[in-house]
Amino acid sequence: YHLLLRLFTAFGWYDHEPAFRLFSLGCAWFAMVGMYALLRRSFRPLVAAAGSLALWCHPIVLNHAFDARYYAPWIALTVWFVFLVKPPPGGDSRGPGRYLAIGAVSVLLCTVHYFGILTWGLAVSAEAVFGDRAALLRRSSLVALLAGPAALLVCVVTLLPTQTAAMQGTHWVAMPTVNTMLGVTISLLLPNFAAGVLLVALGAACFRGSRDEVEAFRPRPLAGLIACVLLIPGLVVMTYLLKPVLIPKYAICATLVLPCAVAYALRQVKPFWVLAACCFLFAIGTRQAMDMAHHRRARDQRTDRLITSIRTAEGDGPVAFQRSRDLYPVAHYAPDLRPRCLLYSDETSEDPITLFSGVHAHIVSSFYDTPGVIPTDEARALSGFFYVRDPRAPHASFPGLDVRSITPRLVHVTGKPEARNSKPDGW
């Protein structure tokens, strides 16, 4: 993912968060194009368009489409991998260009995220069960398909000392309950808009077209997408065998079954009502996209205000951040503040994210050139330091110390007078 971002920024895009979010948004649109191409193999054009728009207005997908992270690329690569693995009816399935494309997408899919290997396995398994198994087992096809797992193996062996170390210790995802499992499943497979579309489809079914317009459903081309719903029970199994991983973003590719369901519900509806559903989905998605863009701009403005507050505050003591997601943008956009920036490691906190952030930042800083960590004891021994709160997390307490609020997010903590000249290790 980071190599793709480097390529993206190498073509003249600025190295900042809005450009990275634009890359993710482009990946989401690319996924919609692939979804339309796949749905066209089973449905007429307007129905396929309605299905692809269901992906556009899914709140979880759209949220990550506006995030500078790897979830939107993961969705896009999964869709196009399914598209390439399942050749179109009557198409040439032995061309070298197709095998090269399968190999390239397989490598990207398995290395864009560790869980990419799961969607790779689901897509290949679905094609082996419901598709042309003989074509899948051809030597050229196997070489192209296995390029992805081979690349992942190389990455794991090469980066084993650095990346796997960051996965050890405290984990911030809690063990799921039955309510948690139901909540994750509903949020992925039945968001509010989907319920509305399905109700509209059921009502509009009374105005279905003639027999010539009613098409037979061909599920085989979509088997790879439908199989992605198994990500949810797969993560449940991993949770109990390895560590808790059941959160919506780790199973985001399970949403790929929803466009298939929407298209299936609309397949026998008259074109006018399908067009109405398309307009409805597009309007919902566009409205949500505008809200997401506004929220991201507000977050960037908060970062700018925080940088200004730190620069204008009296004193040049260290700046301890409660969350790494606030620390790293400030250290990146304000190089003059970077030597002062540290992550506050509160070992006494009961918040799992706070504990995980401290452990993770300590491990990462030991391998990479990132801001260091200041433990609670070292911070309390200082004559004074600045502390950046996260308004969404429980605030750290400083008993016996003088805490002066500078802004709602930035406070100055005064420590013991006898330690005025002390500094944390590495600062």
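**Entry 1: the chain overall**

I started with the secondary structure, and the protein chain comes to 18 helices and six strands. I note here that this is a predicted model. Next I looked up burial: of the 427 residues in the protein chain, 48% are buried. I also checked how far along the sequence the contacts reach. Among contacts between residues at least 6 apart in sequence, 77% join residues at least 24 apart.

**Entry 2: the sheet**

In what order do the six strands of the open sheet lie? I read the order as E3-E2-E1-E4-E6-E5, and the pairing is mixed. Strand E3 (373-375) and strand E5 (402-405) are the edge strands, each pairing on one side only. From one strand to the next, the twist averages 35 degrees.

I then took two of the pairings in turn. Strand E1 (residues 319-321) pairs with strand E2 (residues 341-345) in the parallel sense, over three bridges. A good place to look is Phe321, which stands opposite Leu343 in E2. E5 and E6, on the other hand, pair in the antiparallel sense over four bridges. Here I picked out Arg404, whose bridge partner in E6 is His412. To get from E5 to E6, I followed a hairpin through four residues.

**Entry 3: helices on the sheet**

Which strands does helix H15 touch? I found that H15 (residues 271-312) packs on the sheet and touches E1, strand E4 (384-388) and strand E6 (410-414). The direction of H15 makes about 150 degrees with that of E1.

Helix H16 (residues 324-333) came next, and I found H16 lying across E1 and E2. Relative to E2, H16 runs at about 170 degrees.

I stopped at Thr303, which has its place in helix H15. Is Thr303 buried or exposed? Thr303 counts as buried, because its relative accessibility is 14% and the cut-off for buried is under 20%. Not counting residues up to four places away in sequence, Thr303 touches Pro329 and Val330. Thr303 and Pro329 are 26 residues apart along the chain, and their C-alpha atoms are separated by 7.4 Å.

**Entry 4: H1 against H2**

I moved to the start of the chain. Helix H1 (residues 2-10) packs with helix H2 (residues 17-39) at an angle of about 110 degrees, and their axes are 11 Å apart. H1 is therefore roughly perpendicular to H2, since that term covers 65 to 115 degrees. I logged their crossing as right-handed. On the H1 side I found Leu4, Leu5, Phe8 and Thr9, which meet Ala19, Phe20 and Phe23 in H2.

Pro18 also has its place in helix H2. With a relative accessible area of 42%, Pro18 is partly exposed. Then I looked for a distant stretch of sequence: Pro18 and Arg296 are 278 residues apart in sequence, yet 8.5 Å apart in space, C-alpha to C-alpha.

**Entry 5: H6 against H7, and Thr119**

How far apart are the axes of H6 and H7? I found 6 Å, with helix H6 (residues 96-112) and H7 packing at an angle of about 135 degrees. That angle makes H6 and H7 oblique to each other. Ser106, Leu109 and Cys110 of H6 make the contact with Gly116, Ile117, Thr119 and Trp120 of H7.

I followed one of these residues further: Thr119, found in helix H7 (residues 116-130). Thr119 is buried, with a relative accessible area of 0%. Which residues surround Thr119 once its neighbours within four places in sequence are left aside? I listed Trp74, Thr78, Leu109, Cys228, Leu231 and Cys253 as its contacts.

**Entry 6: cysteines**

A reminder to myself: a disulfide is a covalent bond between the sulfur atoms of two cysteines. How many disulfides does the count come to? I got zero. As an example I took Cys279, which is in no disulfide. The nearest cysteine sulfur to that of Cys279 belongs to Cys278 and is 6.8 Å away, whereas a disulfide needs sulfur atoms within 2.5 Å.

I compared the burial of two cysteines to finish. Cys279 is partly exposed, with a relative accessible area of 47%, while Cys27 is buried at 11%.

Conventions:
Residues numbered from 1 in each chain as written. Predicted model: local features only at pLDDT ≥ 70, side-chain atom pairs only at ≥ 80, totals over all residues. Heavy atoms only, no water. Pairing = 2+ DSSP bridges. Helix = DSSP H or I, 4+ residues; strand = E, 2+ residues; numbered from the N terminus. Axes fitted to C-alpha atoms, helices over the stretch in contact; angles between N-to-C directions. Contact = heavy atoms within 4.5 Å. Buried < 20%, exposed > 50% of the residue type's maximum accessible area, 1.4 Å probe, protein only. Parallel < 35°, antiparallel > 145°, perpendicular 65-115°, else oblique. Left-handed = near helix turned anticlockwise from the far one by under 90°.
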